[in-house]
Amino acid sequence: MPLARSLSVTSLSGLEDWEEDFDLEDAVLFEIAWEVANKVGGIYTVIQTKARLTCEEWGDNYFLVGPYMESSVRTQVELIEPCNPALRRTIDKMNASGCKVYFGRWLIEGSPYVVLIDVGFTAWSLDRWKSELWENFSIGVPWFDREANDAVLFGFLTAWLLGEFAAQCDSPPHIVAHFHEWLAGLGLVLCRQRQLPVATIFTTHATLLGRYLCAGNVDFYNNLAEFNVDKEAGDRQIYHRYCLERAAARCAHVFTTVSKITAIEAEHLLKRKPDVVTPNGLNVKKFSAMHEFQNLHAQSKARIQEFIRGHFYGNLDFNLDKSVFFFIAGRYEFSNKGADLFLEALARLNYLLRVNHSEVTVIAFFIMPARTNNFNVETLKGQAVRKQLWDTAQTVKERFGKKLYESLLIGQLPDVSKMLDKEDFTIIKRAIFATQRQCQPPICTHNMLEDSSDPILTCIRRIGLFNSSSDRVKVIFHPEFLSSTSPLLPMDYEEFVRGCHLGVFPSYYEPWGYTPAECTVMGIPSVSTNLSGFGCFMEEHIADPSAYGIYILDRRYRGVDESCNQLTSFLFQFCQQSRRQRIIQRNRTERLSDLLDWRYLGRVRLFYPWFCNISQHSTPHGAEDDDEEERYDEDLEAEKDRLNIRQPYSSTYRLQNSVPEKN
């Protein structure tokens with residue numbers, strides 16, 4: 001979404017000879033980020049998912065630049081010789097000068113080229129470069145901040161790489177360098193200070209100061225214009241980091257961010273209004289038939305149900321077929337991610353379901369990595385008991401089947417009283433006795449290192465959700481990333497999301513929000529907020545988001561208690577939906593996936609985007625009974641949605657749209 005142009009700090013030095021139109025084959029794009037082939041957070045997902053489309057558009061002229069991390073390189077990168085002659089000479093010269101620079105292919109979709117710089121190998125230059133940083137920019141970096149020290153090394157090495165590449169090119173180069181976040185931002189600042197012939201783009205995915213302020217429980221969005229940013233950054237001992245981020249934003253030829261809500265934040269905290277808003281996308285896999293993704297949901301749901309049977313053994317006094325699975329996932333930021341609001345809403349939902357004598361049971365999962373030392377013994381025992389019961393049932397079934405088979409062979413009707421003998425009943429009774437437990441099902445699947453002070457567990461103790469038989473809301477806290485090799489819940493994240501019914505992300509600080517976006521492309525409804533980039537994006541382009549399974553919680557103009565009541569209302573309404581209504585809603589949610597596809601967002605990224613408007617639809621939830629014959633034509637509904645979800649206008653990638661006019 002193009003915003004008002006803000007003037008660049010200086011003209012585009014060294015690029016006076018760029019023609020208004022030129023062949024893209026003559027341009028080279030370097031995309032620089034700390035999370036290239038190095039998974040830390042959401043930027044890794046951004047770069048990984050759009051790599052295929054970028055490679056298709058730029059071909060062999062697209063290079064990702066990141067840090068060399070041996071553990072990641074061993075499993076994700078194939079090291080090869082550079083294909084570009086100028087880049088080969090650049091890397092050889094840097095290596096001959098005391099650096100360690102590697103070249104290879106990142107083994108993801110698109111197989112992009114990567115240039116990986118070993119920052120630790122050049123740590124001997126740190127003091128000299130920090131002195132240069134102070135002399136030229138008056139930014140001092142303390143010795144104890146290892147992350148900032150890495151940013152200094154990475155920034156100087158990146159600027160060295162770009163400058164050397166420009167010098168090694170046979171003809172005047174057309175170089176575009178796209179920097180992500182403050183960890184890579186110093187390289188951009190140095191490019192401008194050294195007047196390298198490089199068009200620079202800086203993208204902030206979240207501001208440093210914004211994240212720290214929101215974690216401190218301040219009324220952030222209503223006081224953006226009032227903050228003394230230098231004092232706030234200094235009080236939190238991140239002033240040097242803030243200066244690096246602000247310098248990159250101010251020096252970039254083009255400054256972008258991922259959502260309008262973050263654009264407002266950046267304008268006040270970084271003192272520059274972003275030129276363009278570039279929403280993040282995903283690689284969307286379309287199915288040839290609508291029922292295919294519904295089948296995947298059913299398969300994944302069955303695997304989650306198996307885990308629940310083990311986790312609640314001995315207390316499985318609820319109907320799994322009438323249970324719905326909610327989840328929240330992401331970085332463990334208790335308030336920023338809205339886990340506090342979700343827990344409070346679950347307590348209120350539990351009360352509503354009990355007083356209304358609802359047959360629905362809610363299983364709420366918290367997937368947030370925290371410090372643990374091992375699996376909870378009781379949780380492991382539950383899965384072992386479940387497997388033992390399954391083996392017992394299979395043994396009795398085989399014995400029963402053999403006797404039935406023999407009876408049929410001799411032409412006699414089986415005597416049911418003789419189908420199970422005394423030994424069979426003994427086996428069954430022992431299995432039943434094994435399901436007895438003397439305690440409530442555990443809340444946490446692991447042993448927490450800081451159990452008494454953990455925010456989620458402390459809140460659960462306060463609201464009293466202990467997975468008792470009378471509770472209609474059960475809570476499971478899984479403080480570890482999901483993995484298909486886990487002995488507890490052997491599913492990867494995508495499988496788990498597909499098996500759930502609703503993702504709940506009531507974040508207070510969420511510059512974009514990949515978790516609800518991932519739910520959308522998999523056809524899973526979700527709750528987001530008007531303080532997240534995703535929520536604002538959907539509100540802007542859909543007249544009635546809830547009709548498509550996108551519930552937008554108001555956290556900007558309502559108090560905490562009002563927001564909690566609104567969230568409780570969303571959850572209670574969802575619990576009242578029939579199975580058929582949930583299927584219809586999932587179909588509608590999945591049809592929004594094109595909005596988030598890099599195939600469309602990638603074409604308009606950094607230039608002039610047009611996005612769709614979706615006209616208002618009636619909300620699918622209600623209180624109709626499953627047995628009522630509602631007229632629902634899937635093909636007709638799909639055709640209506642196709643008319644309402646217009647594809648973005650196609651636009652040809654033009655490099656000058658991402659480069660400001662010459663002053």
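## Overall composition

Of the 663 residues in the protein chain, 57% are buried. The model is a predicted one, and its protein chain contains 23 helices and 17 strands. Among the contacts in the protein chain with a separation of 6 or more, 75% are between residues 24 or more positions apart.

## Helix 6 and its surroundings

Helix 6 spans residues 181-193 and comprises 13 residues. From its first C-alpha to its last it reaches 19 Å, close to the 18 Å expected at 1.5 Å a residue. Helix 6 is mostly covered, with 12 of its 13 residues buried. The buried set begins with Glu-181, Trp-182, Leu-183 and Ala-184, and continues through Gly-185, Leu-186, Gly-187 and Leu-188 to Val-189, Leu-190, Cys-191 and Arg-192. Two residues of this set bear a charge by type under the classification used here, namely Glu-181 and Arg-192.

After helix 6 comes Gln-195, which has a positive phi, near 55°.

## Packing of helix 4 against helix 6

Helix 4, residues 126-137, has an axis that comes within 13 Å of the axis of helix 6, and the two cross at roughly 60°. Angles of 65 to 115 degrees count as roughly perpendicular and those under 35 as roughly parallel; helix 4 and helix 6 are therefore oblique to each other. Their crossing is left-handed.

On the helix 4 side the contact is made by Leu-133, Asn-136 and Phe-137, which meet Leu-186, Val-189, Leu-190 and Gln-193 of helix 6. By type, the residues of this contact are five nonpolar, two polar and no charged. Of the helix 6 residues taking part in the contact, Leu-186, Val-189 and Leu-190 are listed among the buried residues of that helix. In an α-helix, with 3.6 residues a turn, residues three or four places apart point the same way.

Ser-138 lies in the loop between helix 4 and helix 5 (146-168). Its phi is near 60°, a positive value in a residue other than glycine. Ser-138 has a relative accessible area of 54% and is therefore exposed, the cut-off being over 50%.

## Packing of helix 13 against helix 15

The axes of helix 13 (residues 377-409) and helix 15 (residues 422-434) come within 10 Å and cross at roughly 165°. Because angles over 145 degrees count as roughly antiparallel, this description applies to helix 13 and helix 15. The crossing of these two helices is left-handed.

In helix 13, the residues that take part are Val-385, Gln-388, Leu-389, Thr-392, Val-396, Arg-399 and Lys-403. Their partners in helix 15 are Glu-423, Asp-424, Ile-427, Ile-428, Ala-431 and Ala-434. The residues of this contact divide into seven nonpolar, two polar and four charged. The charged residues are Arg-399 and Lys-403 in helix 13, with Glu-423 and Asp-424 in helix 15.

## Strand 15 and helix 20

Val-504 belongs to strand 15 (residues 502-504) and is buried, with a relative accessible area of 0%. Apart from neighbours within four places in sequence, Val-504 is in contact with Phe-326, Phe-327, Ile-328, Phe-342, Val-527, Leu-567 and Leu-571. Val-504 and Pro-525 are 21 residues apart in sequence, and their C-alpha atoms are 8.9 Å apart in space.

Helix 20 (residues 560-576) has 17 residues. Its reach from first C-alpha to last is 24 Å, close to the 24 Å expected at 1.5 Å a residue. Buried residues in helix 20 include Ser-563, Cys-564, Gln-566, Thr-568, Phe-570, Phe-572, Phe-574 and Cys-575. Leu-567 and Leu-571 of helix 20 are also buried, and both are in contact with Val-504.

## Further local features

Ala-37 is located in the loop between strand 1 (27-32) and helix 1 (42-58). Although Ala-37 is not a glycine, its phi is positive, about 50°. Ala-37 counts as buried, at 2% relative accessibility.

Glu-232 lies in helix 8 (residues 229-235). With a relative accessible area of 17%, Glu-232 is buried, because the cut-off for burial is under 20%. Leaving aside neighbours within four places in sequence, Glu-232 is in contact with Leu-209, Leu-213 and Phe-227.

Note on methods. Residues numbered from 1 in each chain as written. Predicted model: local features only at pLDDT ≥ 70, side-chain atom pairs only at ≥ 80, totals over all residues. Heavy atoms only, no water. Helix = DSSP H or I, 4+ residues; strand = E, 2+ residues; numbered from the N terminus. Expected span 1.5 Å × (residues − 1). Buried < 20%, exposed > 50% of the residue type's maximum accessible area, 1.4 Å probe, protein only. Axes fitted to C-alpha atoms, helices over the stretch in contact; angles between N-to-C directions. Left-handed = near helix turned anticlockwise from the far one by under 90°. Contact = heavy atoms within 4.5 Å.
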